[in-house]
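Here is a protein model to go through by question and reply. The topics are a pocket and the strands beside its lining.

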Amino acid sequence: GEQKYMVKTLVILVLLFDGTLLQERYDLGRPMEVHECLMFADDHREVIATYKEYPEDPMKQGWYLNDGRGTWQGVICE
């Protein structure tokens, strides 16, 4: 069988409103395949952030953290 690449950490890229880019690391609790990690990340994003649209300024649209710190920029599974 083919070797499956297992990941153990979810890294969320957060851009703070002051311009700082953070890498917030979360232990997944168990090794999982990359696609499982990405699905988990999507679910997590839905919980901690809200998508906002700005028709007058499309550059501002994106996932804004519910705690007001900044925006969700992406995710790495490693």
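The turns below take the pocket first and then strand pairing.

This is a predicted model, in which local features need pLDDT of at least 70, side-chain atom pairs count only at pLDDT 80 or more, and totals for chains, interfaces and linings use all residues. Residues are numbered from 1 along each chain as its sequence is written, and side-chain values use heavy atoms, with hydrogens and water left out.

Me: What volume does the largest pocket have?
Reply: A pocket is an open set of points on a 1 Å grid over the protein atoms alone, where a 1.4 Å probe fits, with protein on both sides within 12 Å along at least five of seven lines. Its volume is the space filled by probe spheres set on the points, joined across faces, edges and corners. For the largest pocket this comes to about 170 Å³.

Me: Which element gives the largest share of the lining of the largest pocket?
Reply: Lining residues have an atom within 4 Å of a point; among them are Leu15, Trp63 and Gln73. Strands are DSSP runs of E, at least two residues, numbered from the N terminus. Two or more lining residues come from each of β1 (6-16), β4 (62-65) and β5 (70-77). The largest share, three residues, is from β4.

Me: Which residue in β5 stands opposite Trp63?
Reply: Strands pair if DSSP finds at least two bridges between them. Two bridges join β4 to β5, and the strands run antiparallel. Opposite Trp63 in β5 stands Trp72.

How values were computed
Helices (H or I, at least four residues) and strands (E, at least two) are DSSP runs, numbered from the N terminus.
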